[in-house]
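Here is a short, friendly walk through one structure. Have a look at the sequence and the model, then read on.

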Amino acid sequence: MAKIDRAAGRPRRRPVTLPAALAAALLLTVPACGSGAGGDNSPSAHGRTESARPHPSPTPVWDTRPDSVAALGDSITAGFDACGLLADCTAASWATGTDPAVHSLASRLVANPSGHTWNFARTGALMDDLPRQIDRAIPHKPELVTILVGANDACRNNASAMTSTADFRAGFRTSLQKLRKALPTTQVYVAAVPDLLRLWSQGRQNPVGKQVWQLGICQSMLRDADDLSSAANNRRAEVRDQVVAYNEALREVCGTDRRCRFDQAVFDYRFTGRELSEWDWFHPSKRGQRELAEMAYRTVTRAEGRS
């Protein structure tokens with residue numbers, strides 16, 4: 001109890017010792033400690049909520065700027081008849097070509113295409129040929145593989161000889177699995193098979209083109225180009241239906257792989273005579289190859305979550 005100072009008439013306080021003063025100062029300046037060695041660093045202790053903390057963005061599955069491209073497929077990707085009659089012209093390929101008139105997909109994506117782009121497409125290739133092309137691409141470890149194949153599976157001597165949808169689907173599934181096993185992070189761009197009926201309807205307007213067709217180009221669709229009988233029209237419709245079925249198979253199988261994108265726009269595109277080869281009026285010209293490159297670029301560079 002405090003003593004009374006009789007003279008002053010008020011209580012006399014005891015002097016505060018130095019250790020007590022230090023203890024009081026420490027209590028005022030040091031924050032309370034929770035369990036563990038550090039203080040309370042929870043968001044509420046610092047006047048902020050958990051949602052205010054920045055969260056790192058997840059790494060996108062699809063890279064819109066791959067640094068290397070390998071092209072697989074048939075005569076379209078080989079640039080057949082784009083530069084001369086009955087000859088490949090890979091410089092004019094929509095996928096990896098170097099011709100500035102085409103402005104290929106690779107030239108738009110790859111900073112240094114030399115040594116970072118490869119074209120393994122082969123004129124006349126069927127779906128059955130795709131695994132061998134994949135074998136050639138695997139050692140290069142491309143970041144992007146383009147695939148445009150299927151026209152020759154429909155372009156047979158007779159409609160009855162077309163590859164069945166079941167075999168086509170199984171062949172593509174096996175090919176994609178083969179590629180994925182060897183290259184787990186490689187992206188795959190799959191172009192739809194073009195509308196062969198559209199190509200017939202445009203090309204038949206040119207007499208030179210029809211003469212070239214008689215050499216054996218896509219006879220299931222192009223044979224007897226001026227024959228408009230019910231039998232001929234039914235044959236062409238059957239070929240077109242088969243192409244539609246192929247594209248649906250490509251879409252389904254590609255859809256099971258998160259690093260695969262299917263492009264229906266190639267089938268939907270309404271090619272005109274200006275986009276067809278002046279040599280055969282069926283394969284894409286340089287202008288047509290450029291249109292294919294444009295479509296591919298839009299799909300490859302599309303942000304995830306957009307269609």
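Let's start with strand 6, where Q187, Y189 and A191 point one way while V188 and V190 point the other way, and all of them are buried. In a regular strand, side chains alternate between the two faces of the sheet. Keep in mind as you look around that this is a predicted model. Strand 6 covers residues 187-191, and five of its five residues are buried, so the rest of the structure largely encloses it.

What does strand 6 pair with? One partner is strand 5 (residues 144-148), in the parallel sense and over four bridges. Another is strand 7 (residues 260-263), again parallel and with four bridges. If you want to find these contacts on screen, look for L144, whose bridge partner in strand 6 is Q187, and for V190, which stands opposite F262 in strand 7.

Strand 5 tells a similar story. Five of its five residues are buried, which leaves strand 5 mostly covered. L144, T146 and L148 point one way from the strand, V145 and I147 point the other way, and all are buried. Strand 5 also runs parallel to strand 3 (residues 69-73), and five bridges join the two. Here L72 has I147 of strand 5 as its bridge partner.

Now for the open spaces. The largest pocket holds about 320 Å³ of space. Its lining is made of 21 residues, and S75, N152, I217, C218 and H283 are the ones nearest the centre. Which helices help to line the pocket? Helix 4 (151-154) and helix 6 (196-203) each supply at least two residues of the lining. Sorted by class, the lining of the pocket has eleven nonpolar, eight polar and two charged residues.

There is also enclosed space: the count comes to one cavity of 30 Å³ or more. About 50 Å³ lies in the largest cavity. Its lining consists of I76, P194, L199, F271, L276, F282, H283, P284 and L292. Eight of the residues lining the cavity are nonpolar, one is polar and none is charged. H283 turns up here again, as a residue of the cavity lining and as one of those nearest the centre of the largest pocket.

On to the rings. A pair of aromatic rings is described by the distance of the centres and the angle of the planes. How many aromatic pairs are there in the whole structure? The search finds three. Two of them are set out below.

| Pair | Arrangement | Centre to centre | Angle between planes |
|---|---|---|---|
| F168 and Y246 | stacked | 4.1 Å | 15 degrees |
| Y269 and F271 | edge-to-face | 4.8 Å | 80 degrees |

The pair of F168 and Y246 links distant parts of the chain: F168 belongs to helix 5 (residues 165-182) and Y246 to helix 9 (residues 230-254), with the two positions 78 residues apart. Both F168 and Y246 are buried. In the other pair, are the two residues buried or partly exposed? Y269 counts as partly exposed because its relative accessibility is 23%, whereas F271 is buried, with a relative accessible area of 5%. F271 is also one of the residues that line the largest cavity.

Another ring has a charged neighbour: R108 lies over the face of Y297, 5.8 Å from the ring centre.

Back to helix 9 for a moment, since E252 has its place there too. E252 has a relative accessible area of 38%, so it counts as partly exposed. E252 and R169 are 83 residues apart in sequence, but their C-alpha atoms are 8.7 Å apart in space.

Last, two spots in the loops. Where is K141? It lies in the loop between helix 3 (130-137) and strand 5. K141 has a positive phi of about 50 degrees although it is not a glycine, and at 63% relative accessibility it counts as exposed. D224 sits in the loop between helix 8 (219-222) and helix 9. D224 is not a glycine either, yet its phi is positive, at about 50 degrees. With a relative accessibility of 47%, D224 counts as partly exposed, because the exposed class begins over 50%.

Methods: Residues are numbered from 1 along each chain as its sequence is written. This is a predicted model: local features need pLDDT of at least 70, side-chain atom pairs count only at pLDDT 80 or more; totals for chains, interfaces and linings use all residues. Side-chain values use heavy atoms; hydrogens and water are left out. On a 1 Å grid over the protein atoms alone, a cavity is a set of points where a 1.4 Å probe fits but cannot get out, and a pocket is an open set with protein on both sides within 12 Å along at least five of seven lines; lining residues have an atom within 4 Å of a point. Grid points are joined across faces, edges and corners, and a volume is the space filled by probe spheres set on the points. Ala, Val, Leu, Ile, Met, Phe, Trp, Tyr, Cys and Pro count as nonpolar, Asp, Glu, Lys and Arg as charged, and the others, Gly among them, as polar. Rings of Phe, Tyr and Trp (its six-membered ring) pair if their centres lie within 6.5 Å; planes under 30 degrees apart count as stacked, over 60 as edge-to-face and the rest as tilted. Buried means under 20% relative accessible area, exposed over 50%, partly exposed in between (1.4 Å probe, protein chains only). A charge sits over a ring if NZ of Lys or CZ of Arg is within 6 Å of the ring centre and within 35 degrees of the ring normal. Two strands pair if DSSP finds at least two bridges between them.
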